[in-house]
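Thanks for coming. I have one structure to go through today, so please have a look at it on the screen before I start.

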Amino acid sequence: MNAPPPLPAEVLERVRDLLARASEAGDLTEPASFTLATADADGRPSSRTLLLKDVNENGFVFYTNLRSRKAKQLQENPWAAMTFFWQSQFEQIQVEGPVEPVSDEEADEYWATRPRESQVGAWASDQSAPLADRATLETRVREFTDKFEGEPVPRPAHWSGYRLRPSCLEFWAARDFRLHDRETWTAKGDTWSQGLLFP
Ligand SMILES: Cc1cc2nc3c(=O)[nH]c(=O)nc-3n(C[C@H](O)[C@H](O)[C@H](O)COP(=O)(O)O)c2cc1C
């Protein structure tokens, strides 16, 4: 599968502007949160909230446990969809496309910015696996805290990121009487085309 072409500069600038305005608005706990939809090999969907950690012309980056339910689905079926909704701006972006793993260097660079407690937590949490009780998790946190005492916490091989490479995007903005704006950008071959949709 050929990766979709890089995002047009104007689209990237608009995405960044929306994220910046959401952040500056100050009323959101997590202005970079989005819903990620994935599907298994049989096409059964699931979705959950994640945090966006980077966006550039090559796509949207998030980090997670590679043994989690979402990661297993992405290994079976790399197509995913993201939805950002900013309540106070009353704007939404939808992004669809295949994901690819980020490089180890990129994951290491982000890992290094995480608080030590979060790094230990990534070792302690067998994300998406059944947990007998909270005490089991707390015991594992203590075990990994002791294990890495006095040294940097290494990034687990099963913790890294994915980059969703957009093949289409839609900017949605609320307008009066539900006559909202919907603007689409769709990759075809090496180029992007712009269009509008009825609300
Ligand atoms: C605001 C918010 C941000 C979150 N950010 C992440 C994230 O960046 N990475 C992650 O793996 N889980 C994140 N989670 C937890 C996920 O929603 C989810 O519970 C977890 O990834 C397991 O999902 P899965 O079992 O479908 O793989 C976040 C949850 C919330 C509510």
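One cut-off before anything else: a residue is called buried when its relative accessible area is under 20%, exposed when that value is over 50%, and partly exposed in between. The model is a predicted one.

Take Thr184 with that cut-off. At 15% relative accessible area, Thr184 falls under 20% and therefore counts as buried. Its place is in strand 9, residues 181-188. Which residues does Thr184 touch, not counting those up to four places away in sequence? There are two stretches: Leu169 and Glu170, and then Ser193, Gln194, Gly195, Leu196 and Leu197.

Now the strands around there. Strand 9 runs antiparallel to strand 8, and six bridges join the two. Within that pairing, Arg182 in strand 9 stands opposite Trp172. Strand 8 covers residues 168-173, and five of its six residues are buried, so the rest of the structure largely encloses it. Strand 8 also pairs with strand 6, again in the antiparallel sense and over six bridges. There, the residue opposite Trp172 of strand 8 is Gln92. To put Trp172 in one place: Gln92 is opposite Trp172 in one pairing, and Arg182 is opposite Trp172 in the other.

Trp172 comes up once more, with Phe90. Phe90 is in the loop between strand 5, residues 79-86, and strand 6, residues 91-101. Leaving out residues up to four places away in sequence, Phe90 touches Phe85, Trp172, Ala173 and Ala174. Is Phe90 buried, exposed or partly exposed? Its relative accessible area is 43%, which lies between the two cut-offs, so Phe90 is partly exposed. For a sense of distance, Phe90 and Thr139 are 49 residues apart in sequence, and their C-alpha atoms are 43 Å apart in space.

On to the ligand. Which residues surround it? They are Arg48, Thr49, Leu50, Leu51, Tyr63, Thr64, Ser68, Arg69, Lys70, Gln127 and Ser128. By class, this shell has three nonpolar, five polar and three charged residues.

There are three polar distances to report. A nitrogen atom of the ligand lies 2.9 Å from a backbone N or O atom of Tyr63. An oxygen atom of the ligand is 3.2 Å from a polar backbone atom of Leu51. With Ser128 the side chain is involved: one of its N or O atoms is 2.7 Å from an oxygen atom of the ligand. On its own the ligand has 620 Å² of accessible area, and the protein covers 64% of that. The elements that give two or more residues to the shell are strand 2 (45-51), strand 4 (59-65) and helix 2 (69-76). Strand 2 gives the most, with four residues.

Last, one member of that shell, Ser68. Ser68 sits in the loop between strand 4 and helix 2. Its relative accessible area is 0%, so Ser68 is buried by the cut-off I gave at the start. Apart from neighbours within four places in sequence, Ser68 is in contact with Gln127 and Ser128, and both of those residues are also in the shell around the ligand. Leu18 is 50 residues from Ser68 along the chain, and the two C-alpha atoms are separated by 29 Å.

That is what I have.

How values were computed: Residues are numbered from 1 along each chain as its sequence is written. This is a predicted model: local features need pLDDT of at least 70, side-chain atom pairs count only at pLDDT 80 or more; totals for chains, interfaces and linings use all residues. Side-chain values use heavy atoms; hydrogens and water are left out. Buried means under 20% relative accessible area, exposed over 50%, partly exposed in between (1.4 Å probe, protein chains only). Contact means heavy atoms within 4.5 Å. A residue is near a molecule or strand if one of its heavy atoms lies within 4 Å of it. A polar contact is a pair of N or O atoms within 3.5 Å; within protein, one must be able to donate a hydrogen and the other to accept it, and residues adjacent in sequence count only if both atoms are side-chain atoms. Accessible areas come from the Shrake-Rupley method with a 1.4 Å probe; for residues, only the protein chains shown count as cover. Ala, Val, Leu, Ile, Met, Phe, Trp, Tyr, Cys and Pro count as nonpolar, Asp, Glu, Lys and Arg as charged, and the others, Gly among them, as polar. Two strands pair if DSSP finds at least two bridges between them.
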